[in-house]
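Trainee: Got a minute to go through this one with me?
Mentor: Sure. Put it up and ask away.

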Amino acid sequence: MAEIEQTSSEDTQDQVEEFVAVAAEPEDDAVVTVDADDDDEELVESEDSLTYSNGVIEKIVAMATREVPHVLGMKGNLMHFVQEQFGAENLTKGVSVEVTDDNRVVVNISVIIEYGAYAPDIFEEVKERVTERLGAMTGLEVAGINLRIEDVLTPEEYEGGEE
């Protein structure tokens with residue numbers, strides 16, 4: 001703090017006014033930061049959110065699963081069958097997901113694989129692809145993957161059965 005000499009009241013008044021004027025001028029390099037209260041920080045953090053519908057997660061899982069060699073297709077439930085009869089293609093067919101309390105995902109997949117393919121290798125490849133795709137696209141961590149082999153067909157049988 002500046003020390004002010006006291007000579008006369010008029011001089012003192014001039015010095016005080018000069019001191020106040022200089023102190024009030026912002027410096028060019030000055031950075032102004034506003035400290036938020038803890039309550040304000042919680043409010044700010046809770047205003048933004050990113051959520052995914054289960055359908056989005058299921059679609060990513062299904063698409064990643066279809067990329068795996070020797071996976072011929074997905075096996076859906078009765079509702080998927082009815083939808084397909086009316087011409088609707090359901091990309092999430094054969095997939096269901098559950099989100100755990102700690103925001104990790106448990107994935108259940110039902111597939112049709114190619115006859116002669118080694119199922120444990122397919123399982124490892126599905127786990128790797130699904131985990132990688134979900135992490136890359138959503139940042140979600142996979143808690144577990146359950147793969148159910150619903151059928152084993154030759155590619156010709158599969159193609160013939162789809163039509």
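**Fold and core**

Mentor: The chain has six helices and four strands. Keep in mind that this is a predicted model.

Trainee: In what order do the elements run from the N terminus?
Mentor: They go α-α-α-β-α-β-β-α-β-α.

Trainee: And what share of the residues counts as buried?
Mentor: Of the 163 residues, 23% are buried.

Trainee: How much of the contact set comes from residues 24 or more positions apart?
Mentor: They make up 68% of the contacts with a separation of 6 or more.

Trainee: Let's talk strands. How do E2 and E3 run, and how many bridges join them?
Mentor: They are antiparallel, and five bridges join E2 to E3, which spans residues 104-114. One pairing to look at is Val97, whose bridge partner in E3 is Val107.

Trainee: What about the turn in that hairpin? Which residue takes a positive phi?
Mentor: Asn103, with phi near 60°. Four residues lie between the two strands there.

Trainee: On to the core. Which residues touch the most other members?
Mentor: In the largest nonpolar core, which has 23 residues, they are Val61, Val95, Val107, Ile109, Val126, Val130 and Leu134. Helices H3 (54-66) and H5 (119-138) each give two or more residues to this core, and so do strands E1 (71-74), E2, E3 and E4.

Trainee: Pick Val95. What does it touch, leaving out residues up to four places away in sequence?
Mentor: Glu58, Val61, Ala62, Met74, Val107, Asn108 and Ile109. Val61, Val107 and Ile109 are also on the list of core residues that touch the most other members.

Trainee: Where does Thr92 sit?
Mentor: In the loop between helix H4 (78-85) and strand E2 (95-99).

Trainee: Is Thr92 buried or exposed, and why?
Mentor: Buried, because its relative accessible area is 16%, and the cut-off for buried is under 20%.

Trainee: How far is its C-alpha from that of Ile109?
Mentor: 9.8 Å, with the two positions 17 residues apart along the chain.

Trainee: Now the outside. Which residues make the nonpolar surface patch of about 290 Å²?
Mentor: Tyr115, Ile149 and Val152. Val152 belongs to strand E4, residues 141-153.

Trainee: So how does Val152 count for exposure?
Mentor: Partly exposed, because its relative accessibility is 37%, and that class lies between 20% and 50%.

Trainee: Last one. What is the accessible surface of the chain?
Mentor: About 12,000 Å², and carbon and sulfur atoms account for 48% of that.

Notes:
Residues are numbered from 1 along each chain as its sequence is written. This is a predicted model: local features need pLDDT of at least 70, side-chain atom pairs count only at pLDDT 80 or more; totals for chains, interfaces and linings use all residues. Side-chain values use heavy atoms; hydrogens and water are left out. Buried means under 20% relative accessible area, exposed over 50%, partly exposed in between (1.4 Å probe, protein chains only). Patches are made of residues with over 30% relative accessible area and no salt bridge: like charges are joined within 9 Å, nonpolar side chains (Val, Leu, Ile, Met, Phe, Trp, Tyr) within 5 Å. Accessible areas come from the Shrake-Rupley method with a 1.4 Å probe; for residues, only the protein chains shown count as cover. A salt bridge is a side-chain nitrogen of Lys or Arg within 4 Å of a carboxyl oxygen of Asp or Glu. Two strands pair if DSSP finds at least two bridges between them. A nonpolar core is a set of buried Ala, Val, Leu, Ile, Met, Phe, Trp, Tyr and Cys residues joined through side-chain atoms within 4.5 Å. Contact means heavy atoms within 4.5 Å.
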